[in-house]
Amino acid sequence: MTDVLILSNLTAGYGPVTVLDDLSLTLRAGEVVAVLGANGSGKSTVLKTAMGLTKVRSGSITLAGRDVTRLPAHGRASAGLGYVPQTRNVFADMSVADNLRMGAYLRPRTFEQEVEKVFALFPRLKERRRALAGNLSGGERRMLAIGSTLLLNPSVLLLDEPSSDLAPATVDLVFEAIADVHKRLAIPILLVEQNVTKALTLANRVCVLVRGREALDAPVAEVDTHDLHALFLDGGVRTS
Amino acid sequence: MLDFAIYCLTIVAVWSVLGLSLNIQFGLTGLVNFGQILPFGLGAYAAALAAQAGMPWPAGAALGLAFAVVVSLLVLLPARRLSQDYWALITLGAGELFRLTALNAPALGGADGLTVPRFADPHLALACALALMAAAWFMAHRIARSPFGRMLKVLREDEVLAATLGRNPVTYQRTVSIIGWAMAAAAGVLYAHIVGYVSPSSFTVTETFIVWTALILGGPGSTLGVVIGAAAVQLLSVSSRFVAGWIDLPADVLANGRLALFGLVLVLMFLFRPQGLIPETKEVRDAERH
């Protein structure tokens with residue numbers, strides 16, 4: 001399989017604080033890679049770094065063969081990275097339709113056709129298209145955030161904790177929608193998630209972070225959940 | 001008395017332009033500019049320098065606008081790489097640098113300042129000020145309603161999200177800053193010809209904060225609110241002189257008392273009406289309609 005997104009020996013963080021320490025991770029065409037880890041392990045920072053929202057000290061980021069390490073966030077969006085943040089992922093004061101229009105900024109002429117594709121994936125958004133984004137339910141809001149990002153026509157989707165702050169039934173709905181997006185659009189996804197069980201249902205491969213370093217990178221079929229627990233609970237220091 | 005009323009109206013109109021110029025930066029875009037008096041001062045000094053060189057007033061106006069655009073680009077160059085917290089510091093520092101330069105440069109008249117030919121007819125001055133205010137109002141209103149203005153509001157709400165959806169925030173911020181600075185410079189040119197004199201003491205940080213008071217009192221983001229705020233602040237400022245006359249207050253106590261009053265207005269607005277007297281109208285556009 002072709003490598004789509006390559007994070008190579010990345011050391012990055014915020015200001016003087018280093019969060020990711022020599023991290024390497026590859027996302028291949030058609031894959032869903034789940035980035036797991038305890039709180040504070042640097043999961044979300046992986047996505048923010050891929051998107052250009054942190055300070056990279058060393059290492060490189062390659063998207064479809066192009067080095068994007070020095071590109072600003074808006075340049076990476078144009079290059080094909082679609083990032084859906086965990087929080088603050090929609091413009092609350094704008095309608096659903098206008099939020100989607102924001103996503104289509106780079107290709108405004110094809111908006112009418114493209115938005116129908118998003119409505120086909122998330123029919124609820126079509127029903128609620130006149131509503132204020134700030135009045136949507138948690139699940140609808142998450143779908144709107146993903147829908148707006150899909151209108152960028154990204155070659156890679158970076159999803160930051162799509163299950164956070166949602167009721168269990170809504171989490172199921174959101175994950176079904178993500179699985180549908182993956183199936184229909186064949187888009188590779190780098191998924192950061194706290195809900196390990198849900199992430200494993202979707203992912204082909206798992207990458208576990210411990211204090212900003214990669215502690216495990218393996219296909220889901222080869223991952224033993226006991227190993228995951230050990231990595232989460234004792235920070236990767238095996239006691240047996 | 002009529003002349004005084006005309007003068008007051010003229011000054012209100014000039015300060016409204018200054019308020020509107022700050023409003024498109026902060027009210028619409030969320031850029032904290034603590035040096036908005038700098039382009040105003042550049043305009044005023046350009047008018048004075050042109051007059052000293054025997055040039056007609058349009059030359060001074062053109063010079064003022066050119067200064068404002070060039071200096072705004074220079075000041076905002078480092079701000080590109082910094083977060084908006086630094087934007088406030090950079091603009092504050094730039095404003096003070098300008099004032100201190102004017103204070104110490106003999107070519108700019110030093111502390112004595114420079115004289116500028118005044119409008120011969122106060123009615124003409126009022127007409128010019130009102131015309132400039134109308135032009136600034138029209139421009140601010142058009143910007144707020146345009147796709148460009150909607151994008152400015154989006155950046156104000158969430159710059160990072162806008163960037164991740166492919167917008168370059170810097171392009172928008174730079175454009176709106178240049179427009180805002182040019183608007184303030186035009187007000188400065190007019191101000192110089194109205195008062196007939198420019199000196200560093202007219203362009204202190206305090207003046208910037210008076211513009212901020214007008215903006216916060218009227219309503220950030222609201223074009224009408226800012227004009228009402230500017231009128232309230234300037235009329236309050238002017239009328240305090242009469243109060244001082246009645247109760248026989250020394251000039252320095254009056255000046256400080258006025259600032260304390262503005263400070264109190266700011267605190268009360270933040271506490272009880274942060275959206276301002278005339279809040280910005282939030283429109284929910286219906287994408288089906290266009």
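User: Before we start, what counts as a contact, and how many residues of chain A are in contact with chain B?

Analyst: Two residues are in contact if their C-beta atoms, placed from the backbone, lie within 7 Å. This is a predicted model, where local features need pLDDT of at least 70 and side-chain atom pairs pLDDT 80 or more, while totals for chains, interfaces and linings use all residues. Residues are numbered from 1 along each chain as its sequence is written, with chains lettered from A in the order written. On the chain B side 17 residues take part, and on the chain A side the count is 24.

User: Which element gives the most to the side of chain A that touches chain B?

Analyst: Elements are DSSP runs, numbered from the N terminus: helices are H or I with at least four residues, strands E with at least two. Those giving two or more residues to that side are α2 (73-79) and α3 (96-103) of chain A. With five residues, the top contributor is α3(A).

User: Which strands stand at the edges of the open sheet in chain A?

Analyst: Strands pair if DSSP finds at least two bridges between them. The four strands run β2-β1-β4-β5 (chain A), with antiparallel pairing. Each edge strand has a single partner, so one side of each is left without a neighbour in the sheet; these are β2 (17-28) and β5 (66-67) of chain A.

User: And which residue in β2(A) does D3(A) stand opposite?

Analyst: β1 (residues 3-14) of chain A pairs with β2(A) in the antiparallel sense over eight bridges. In β2(A), the residue opposite D3(A) is R28(A).
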